[in-house]
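Please walk me through this structure in the viewer. I would like to know what to select at each stop and what is found there.

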Amino acid sequence: ATPLLAVDNLHVEFVTRQGLVRAVNGVSYTVNAGESLAVLGESGSGKSVTAQAIMGILDMPPARIPKGEVRFQGTDLLKLSEQARSQVRGQRIAMIFQDALSALNPVFTVGWQISEMFRVHRSMSKREGMKKAVELMDRVRIPAAKQRVNDYPHQFSGGMRQRIMIAMSIALDPEVLIADEPTTALDVTVQAQIMELLSELQRESNMGLILITHDLGVVADVADKIAVMYAGRIVEKAPVYDLYKHPAHPYSEGLLESIPRVDQKGQDLYAIKGLPPNLLNLPTGCSFHPRCPYRRDNCVTDVPPLFEIDGARSSACHYYREVLDGTAG
Ligand code: SF4
Ligand code: MG
């Protein structure tokens with residue numbers, strides 16, 4: 001069957017004064033209706049740039065897409081006109097960002113801003129739009145929605161503002177929702193509540209959900225599958241449970257060991273040593289080799305392909321078998 005959304009061998013580069021930045025280097029992933037994919041990686045791994053390419057919100061130039069496809073229900077969005085593209089953006093594929101406060105307009109009530117979606121895209125009247133806004137605020141569990149619809153963004157807490165952003169993103173019943181670090185600015189309890197809300201909304205409306213995060217702990221209970229990115233490439237793909245049990249790439253292993261655990265309070269966390277890669281000057285061979293505890297000689301010279309382990313899992317490590325078995329290093 002045709003996947004709902006398929007990113008296929010996507011390449012994105014930026015022309016900068018310092019040189020060509022290869023931000024995304026052959027990324028492929030799919031998401032289906034009712035499925036949730038977590039895209040995990042440090043900042044600069046290319047996870048947000050991939051999402052911006054899906055949405056068609058990259059600045060072009062300096063960005064260019066020399067290769068690859070973004071297929072939505074089989075149609076390559078990269079080949080569509082800007083007008084056709086804008087019919088998809090926000091309506092069929094929607095996105096929410098980390099910073100709800102700067103995404104909302106401070107001088108309009110939240111109800112007005114939510115209802116604008118319906119006025120602009122569904123030709124509804126103000127009255128109908130406001131009614132819809134209240135319904136949506138209820139749906140994202142904002143207490144006393146009927147009264148609060150007339151409040152301004154600054155009158156809400158960070159978590160509630162993020163719920164308002166979520167309400168706007170699902171207003172037009174998108175088939176795919178992309179959430180880019182939706183909870184990074186929030187405290188831990190609120191993070192969990194927002195994740196739970198996204199997960200519920202996804203199940204209710206059978207959306208495909210893409211959760212972009214640097215924090216493996218946050219997506220644990222919500223994602224079905226994970227794509228781990230490093231230096232513009234996917235280094236591991238796995239069902240979430242498999243990755244937790246047995247990571248197949250040393251970088252995933254490092255991310256897993258960096259999750260704070262309640263039962264390990266006071267212990268030093270294993271943090272992945274070394275600096276994130278310089279995209280202007282990527283290491284030879286395996287991009288992760290300068291930071292990898294298991295590096296061998298050929299890692300410095302040979303780029304590892306994304307080895308398929310089984311239908312659902314793959315790893316871009318020459319020694320993925322040893323990593324899986326726990327016999328690497
Ligand atoms: Fe480490 Fe080599 Fe695997 Fe890269 S290919 S992750 S350097 S063991
Ligand atoms: Mg980002």
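The tour below visits a ligand site, some strands, a core and a sheet in what is a predicted model.

**Stop 1: the ligand**

Select ligand 1 and show its surroundings. The shell around ligand 1 consists of P250, C286, F288, H289, C292, Y294, R295, C299, P304, C317, H318 and Y319. By residue class, the shell around ligand 1 holds nine nonpolar, two polar and one charged.

**Stop 2: helix α11**

From the shell, keep P250 and extend the selection to residues 250–257, which make up helix α11. The buried residues in α11 are P250, Y251, S252, E253 and L255. Now show what these buried residues pack against: the strands β3 (36–40), β9 (225–230) and β10 (233–239), and the helices α9 (216–219), α10 (240–245) and α12 (320–325).

**Stop 3: strand β10 and its partners**

Select β10 next. Six of the seven residues of β10 are buried, so the strand is mostly covered. Add β9, which runs antiparallel to β10 and is joined to it by six bridges. The hairpin of β9 and β10 has two residues between the strands, and A231 in this hairpin takes a positive phi near 50 degrees.

Then add strand β12, residues 313–315. β12 also pairs with β10 in the antiparallel sense, over two bridges. K237 is a useful residue to label here: K237 in β10 stands opposite A227, and K237 also stands opposite S314 in β12.

**Stop 4: V218 in helix α9**

Return to α9 and select V218, which lies in this helix. Is V218 buried or exposed? V218 counts as buried because it has 24 C-beta neighbours inside 10 Å, where 20 or more are required. Leaving out residues up to four places away in sequence, V218 touches T183, Q191, M195 and T213. Draw a distance from V218 to A192 as well: these two are 26 residues apart along the chain, and their C-alpha atoms are separated by 7.0 Å.

**Stop 5: the largest nonpolar core**

The largest nonpolar core has 93 residues, and the members that touch the most others are A167, I178 and I210. Helix α7, residues 158–170, gives the most to this core, with seven residues. Select I178 and show its contacts: beyond residues up to four places away in sequence, I178 touches A51, I54, M55, I93, M95 and I210.

Next, select α7 itself. Eleven of its 13 residues are buried, so α7 is largely enclosed by the rest of the structure. The buried residues include R161 and R163 as well as I164, A167 and I170. They pack against β6 (93–96), α3 (100–103), α4 (110–122), α5 (126–139), β7 (176–180) and α8 (188–205).

The length of α7 can be checked too. At 1.5 Å a residue, its 13 residues should span 18 Å, and the end C-alpha atoms are 19 Å apart, which agrees.

**Stop 6: the four-stranded sheet**

For the final stop, select β2, β1, β4 and β5. These four strands form an open sheet in that order, with antiparallel pairing. The edge strands, β2 (19–31) and β5 (75–76), each pair on one side only. Strand β1, residues 5–16, is joined to β2 by ten bridges. To see one bridge of this pair, label V7 and its partner in β2, Y29.

How values were computed: Residues numbered from 1 in each chain as written. Chains lettered and ligands numbered in written order. Predicted model: local features only at pLDDT ≥ 70, side-chain atom pairs only at ≥ 80, totals over all residues. Near = placed C-beta within 6 Å. Nonpolar A, V, L, I, M, F, W, Y, C, P; charged D, E, K, R; others polar. Buried ≥ 20, exposed ≤ 12 C-beta atoms within 10 Å, placed from the backbone. Contact = placed C-beta atoms within 7 Å. Pairing = 2+ DSSP bridges. Core = buried A, V, L, I, M, F, W, Y, C linked by C-beta atoms within 7 Å. Expected span 1.5 Å × (residues − 1).
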